[in-house]
Each structure stands twice: as C-alpha cells, then as structure tokens.
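Visitor: Could you take me through one part of this model closely? I would like to look at the salt bridges.

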Amino acid sequence: MQEINLYSSEELLSKINQLPNSFIYRGQSDASWSLQTTLERGCGVNYSKEFAEKYEAYAIDQFSSRFHLYDKENIQPSSLLEWLAIMQHYGVPTRLLDFTTSPYAALYFALETYDIVRRPDIALYCIDYAELMKRTLEIIKLEDNEFNETRQSINGKQDEIFKKYVDRFNRNVLWVTEPQMLNARIDKQSGCFLVAGNKGRRVSEIMADTGYQEVTMTKYIFPGANVESVFALLRKMNISGKSIYGDLMGLSRSLALDLKIYGA
C-alpha cells in the first residue's frame with residue numbers, strides 16, 4: 001500500500017480526478033488506523049478462523065430467523081454476501097469492509113466521525129477494483145484447473161461464485177462485491193464491500209500478500225489542520241448527509257457535521 005501525503009483540497013481533488021473509474025474508496029477519520037473489519041476490530045488480538053466461523057454462523061442464524069419481524073422494506077436476501085451486507089448495514093459486526101465507488105462519499109464518511117478537538121490526519125484509501133479482481137481470479141485458476149471465470153463472466157453472479165469457489169475453500173484472496181439486492185441507502189452511497197476469502201486472515205494481511213503486490217492501492221493522507229477545506233469542497237459538490245442517506249437520519253447527521261465544523 002503506497003502512502004502519499006497531500007496538503008490542500010485542490011491537490012486532493014486533482015489526485016482523485018486522475019484516477020480511472022475502476023477504483024473503489026474508503027475514508028477514515030484517523031489516518032493512523034489500519035484497515036479493519038468490524039469483526040476484526042471487535043475480536044482484537046484474539047481474531048481466529050475458528051472464532052470467525054462460529055460467530056458468523058451464529059450471527060446469520062440469529063439475524064435471519066428474526067429478520068422478517070423487523071423488515072419494513074420487504075427485503076429477501078438469498079446469498080451469504082447479501083445477508084452479511086444487510087447485517088453490516090444494521091450494525092452487526094461482519095468480515096465485510098465498507099467501500100464506495102464515490103471518492104467524495106468516502107471523504108464524507110471520514111468527516112462524519114471526525115474528532116475536531118484532537119484533529120488527527122484523515123485518510124482516503126483508493127484501490128483499483130479491476131486489477132484486484134483480475135488478480136483474484138488468476139489466483140483461483142492456479143489452484144483450480146476447472147475454474148474458467150473472467151472479469152466479464154462473473155457479472156451478475158459474484159455472490160454465487162464467491163460462495164462456491166472462494167468461501168468454501170477459505171482461499172487467500174480478496175473479493176469485492178456490490179450487493180445484488182440494494183436498499184435505498186446503500187444505493188445512494190454507491191456502496192460496495194471488500195471481503196477476505198479466508199476467514200482466518202485479516203483483510204490487511206491478504207492485501208500484503210505477494211499475489212496483490214502489482215495491484216494499485218494508495219492511501220492518501222490529509223492533514224487535520226486543513227480538514228475544513230475538505231468539508232468546504234464537499235459542500236460545493238452538494239455532498240452531505242442529506243444526499244448520502246436521503247432520510248431524516250441523513251438530515252440530522254448533516255446538521256451535526258455542520259455544527260462540528262463551524263463550531264471548531
């Protein structure tokens with residue numbers, strides 16, 4: 001993962017606009033934090049394959065058996081990744097790592113939970129999704145002579161292929177998925193997820209494997225002292241909690257961020 005320090009919103013915008021459409025993004029409100037799923041963070045140093053498997057099976061069983069009692073959107077998840085995406089959306093710790101195809105939405109998320117008193121640097125992670133998935137499919141082919149899927153052929157059946165060829169064998173690969181069944185909020189956020197195929201390894205560990213060394217992954221670090229300029233940039237582009245969430249919760253979060261920035 002290449003790290004690059006940027007010092008102005010103009011420089012940040014320039015770097016973002018140079019990237020092709022094949023990138024996915026994740027913003028974090030503290031650049032010192034590593035990339036961690038909510039399940040990894042919750043387990044801490046005790047993270048293991050055995051725990052992850054037991055926790056995920058238990059969580060899916062408990063959540064899916066009661067889901068119909070609370071679901072107001074008439075959603076019917078039908079795959080493992082769909083269930084994990086819905087669980088992640090409602091705050092259940094999972095092995096999914098939230099990303100988005102919009103760098104501006106990613107920057108908004110970094111600001112939304114930003115500590116304006118402590119003022120740490122923020123981070124924007126940028127990963128070439130096309131390169132990553134191409135490499136993942138190549139790794140699977142090296143391990144399975146009968147596997148012949150391509151970047152084009154997996155469209156529309158990513159969840160099925162993940163379950164059959166990745167999750168089943170706990171492969172040391174990364175997988176990017178956009179839920180086939182999107183709710184309105186995930187759609188507005190241009191949301192997608194990065195997930196480790198091996199439940200016993202952290203996402204960052206597999207990222208560092210030699211198999212992914214040629215994949216373009218960049219961490220842009222932006223100084224906390226200039227964070228208001230990022231907020232101003234997003235406001236000019238009409239990126240706010242109102243546009244990201246599209247509901248009363250979004251309005252509330254937008255106002256909370258306004259007060260945080262203007263009150264600093």
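Which side chain does Lys157 meet in a salt bridge, and what is the N to O distance?

Guide: Happily! This is a predicted model, in which local features need pLDDT of at least 70 and side-chain atom pairs count only at pLDDT 80 or more, while totals for chains, interfaces and linings use all residues. Residues are numbered from 1 along each chain as its sequence is written, and side-chain values use heavy atoms, with hydrogens and water left out.

Lys157 pairs with Glu149, at 3.4 Å from N to O. A salt bridge here is a side-chain nitrogen of Lys or Arg within 4 Å of a carboxyl oxygen of Asp or Glu. Lys157 has a relative accessible area of 27%, so it is partly exposed, whereas Glu149, at 11%, counts as buried (buried is under 20% relative accessible area, exposed over 50%, partly exposed in between, with a 1.4 Å probe and protein chains only).

Elsewhere, salt bridges with shared partners join Glu56, Arg95, Asp167 and Lys199 into one network. Within it, the closest N and O atoms of Arg95 and Glu56 are 2.5 Å apart. That pair links distant parts of the chain, 39 residues apart: Arg95 sits in the loop between α4 (80-89) and β3 (96-100), and Glu56 in helix α3 (residues 49-70). Helices (H or I, at least four residues) and strands (E, at least two) are DSSP runs, numbered from the N terminus. Both Arg95 and Glu56 are buried.

Arg118 and Asp115 also form a salt bridge, their closest N and O atoms being 3.5 Å apart. Here Arg118 is partly exposed at 49% relative accessibility, and Asp115 is partly exposed at 33%. By this rule, the count comes to 13 salt bridges.
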